[in-house]
Amino acid sequence: MFPAHMRGVRFEPNGRTVLDGVDLELGAEGITLVLGPNGAGKSVLLRTLCGLIEPSAGTLEWAGGPRPERGVMMVFQHPMMIRASVLENVALGLKPLGVPRAERRRRAAQILERVALADRAEDSARHLSGGEQQRLALARAWLTNPRLLLLDEPTASLDPSATAEVERIVREIRTDGTRIVMTTHNLGQATRLGDDVIFMSAGAVREHTPMRRFFSRPASEEARLFIQGELPWRMAL
Ligand SMILES: Nc1ncnc2c1ncn2[C@@H]1O[C@H](COP(=O)(O)OP(=O)(O)OP(=O)(O)O)[C@@H](O)[C@H]1O
């Protein structure tokens, strides 16, 4: 499956350029942080990798053949919860894989331990806090042992301790062998989690570089201004 290559990927809904010729190589290991100003195209990049968006032009190639249907999972900023218990919501992740119900529930109970939600297993998922729902969504994806996990701003509205808990889980998922690509506006988080950084603006990948180098020696004036919080928004769009 890896390396995956995007070559000249464009997304132009109704003639508007959202992805402007993205070239990208994703290696087999690690956590990649996608950074960039609002509207840069970060979420669209993740949705394209996931197969939720069909590019208008360009190619997306996975080593060894087509993107495996079940190898890629995406967790959204506001995860979907069905009107059922926490356990049932997690177990749902295994349903498309044809795992029998009792086995789904057994494995869901195990993974709830790892995201510190075991004591909430029988509560209604819709009553969980934002941070708890995010942990539930991570557990649901983790349960399927994906090869690639795409996380769209998983800590966007979380407080520092909920953020730290999500970061711990993300590290554990990576240690289990899952390749992770995530977006964030939290630059501290990027330095804590990232092996490498993709910097986007105006629908293009401007830089793809090891995390430390991005923060110590950004390749462009635009990236330098972004890191310092001084990138004028007009320049970014
Ligand atoms: N399916 C779609 N059809 C048309 N336009 C879209 C679609 N999805 C996103 N866009 C537009 O593409 C642009 C980039 O959106 P995207 O959500 O990828 O930005 P982002 O970098 O993730 O921003 P933010 O940091 O604010 O979440 C936006 O102007 C958005 O309105």
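Why is helix H4 largely enclosed by the rest of the structure? In this predicted model, eleven of the 13 residues of H4 are buried, so the helix is largely enclosed by what surrounds it. The buried residues are Glu-132, Gln-133, Gln-134, Arg-135, Leu-136, Ala-137, Leu-138, Ala-139, Arg-140, Ala-141 and Trp-142. Helix H4 itself covers residues 130-142 and spans 18 Å from its first C-alpha to its last, close to the 18 Å expected at 1.5 Å a residue. The elements that cover its buried residues include strand E5 (72-75), helix H2 (86-91), helix H3 (101-114), strand E6 (148-152) and helix H5 (160-175).

Two of these covering elements, E5 and E6, lead to a sheet. This open sheet has six strands in the order E5-E6-E7-E3-E8-E9, and its pairing is mixed. At its edges stand E5 and strand E9 (204-210), each of which pairs on one side only. Neighbouring strands of the sheet are turned by 15° against each other on average, with direction ignored. Within the sheet, E6 and strand E7 (residues 179-183) run parallel and are joined by five bridges. One residue pair shows this link: Leu-151 has Met-182 of E7 as its bridge partner. Helix H5 packs on the sheet, where it touches strand E3 (31-35), E6 and E7, and its direction makes about 150° with that of E7. Helix H5 thus appears twice in this account, as part of the cover of H4 and as a helix packed on the sheet.

The loops on either side of E6 each hold a residue with an uncommon backbone angle. Most residues other than glycine have a negative phi, and most peptide bonds are trans. Asn-145, in the loop between H4 and E6, has a positive phi of about 50° although it is not a glycine. Glu-153, in the loop between E6 and H5, likewise has a positive phi, of about 45°, and is not a glycine. Are these two residues buried or exposed, or partly exposed? Asn-145 has 15 C-beta neighbours inside 10 Å and therefore counts as partly exposed. Glu-153 has 21 such neighbours inside 10 Å, so Glu-153 counts as buried.

A second part of the description concerns another open sheet, made of three strands in the order E2-E1-E4 with antiparallel pairing. Strand E2 (19-26) and strand E4 (57-62) each have a single partner strand, so one side of each is left without a neighbour in the sheet. The twist from one strand to the next averages 15°. Strand E1 (residues 4-11) is joined to E4 by five bridges, and the two strands run antiparallel. Along this pairing, Arg-7 stands opposite Thr-59 in E4, and Arg-10 has Ala-57 of E4 as its bridge partner. Six bridges join E1 to E2, again in antiparallel fashion, and Phe-11 has Leu-19 of E2 as its partner there. The segment before E1 contains Pro-3, and the peptide bond from Phe-2 to Pro-3 is cis, with omega near 0°.

Which helix lies across the strands of this sheet? Helix H1 (residues 42-50) lies across E1, E2 and E4, and runs at about 60° to E2. This helix is mostly covered, with seven of its nine residues buried. The buried residues are Lys-42, Ser-43, Val-44, Leu-45, Leu-46, Thr-48 and Leu-49. Just after H1, Gly-51 takes a positive phi of about 90°.

The start of H1 also leads to the ligand. The residues around the ligand are Pro-13, Val-18, Gly-36, Asn-38, Gly-39, Ala-40, Gly-41, Lys-42, Ser-43 and Val-44. By character, this shell divides into four nonpolar residues, five polar and one charged. Among its members, Lys-42, Ser-43 and Val-44 are also listed with the buried residues of H1.

Terms used:
Residues are numbered from 1 along each chain as its sequence is written. This is a predicted model: local features need pLDDT of at least 70, side-chain atom pairs count only at pLDDT 80 or more; totals for chains, interfaces and linings use all residues. Helices (H or I, at least four residues) and strands (E, at least two) are DSSP runs, numbered from the N terminus. The expected span of a helix is 1.5 Å times one less than its number of residues. A residue is buried if 20 or more other C-beta atoms lie within 10 Å of its own, exposed if 12 or fewer, and partly exposed in between; C-beta atoms are placed from the backbone. Two residues are in contact if their C-beta atoms, placed from the backbone, lie within 7 Å. A residue is near a molecule or strand if its C-beta atom, placed from the backbone, lies within 6 Å of it. Ala, Val, Leu, Ile, Met, Phe, Trp, Tyr, Cys and Pro count as nonpolar, Asp, Glu, Lys and Arg as charged, and the others, Gly among them, as polar. Two strands pair if DSSP finds at least two bridges between them. Axes are lines fitted to C-alpha atoms, for helices over the stretch in contact, and angles run from 0 to 180 degrees between N-to-C directions.
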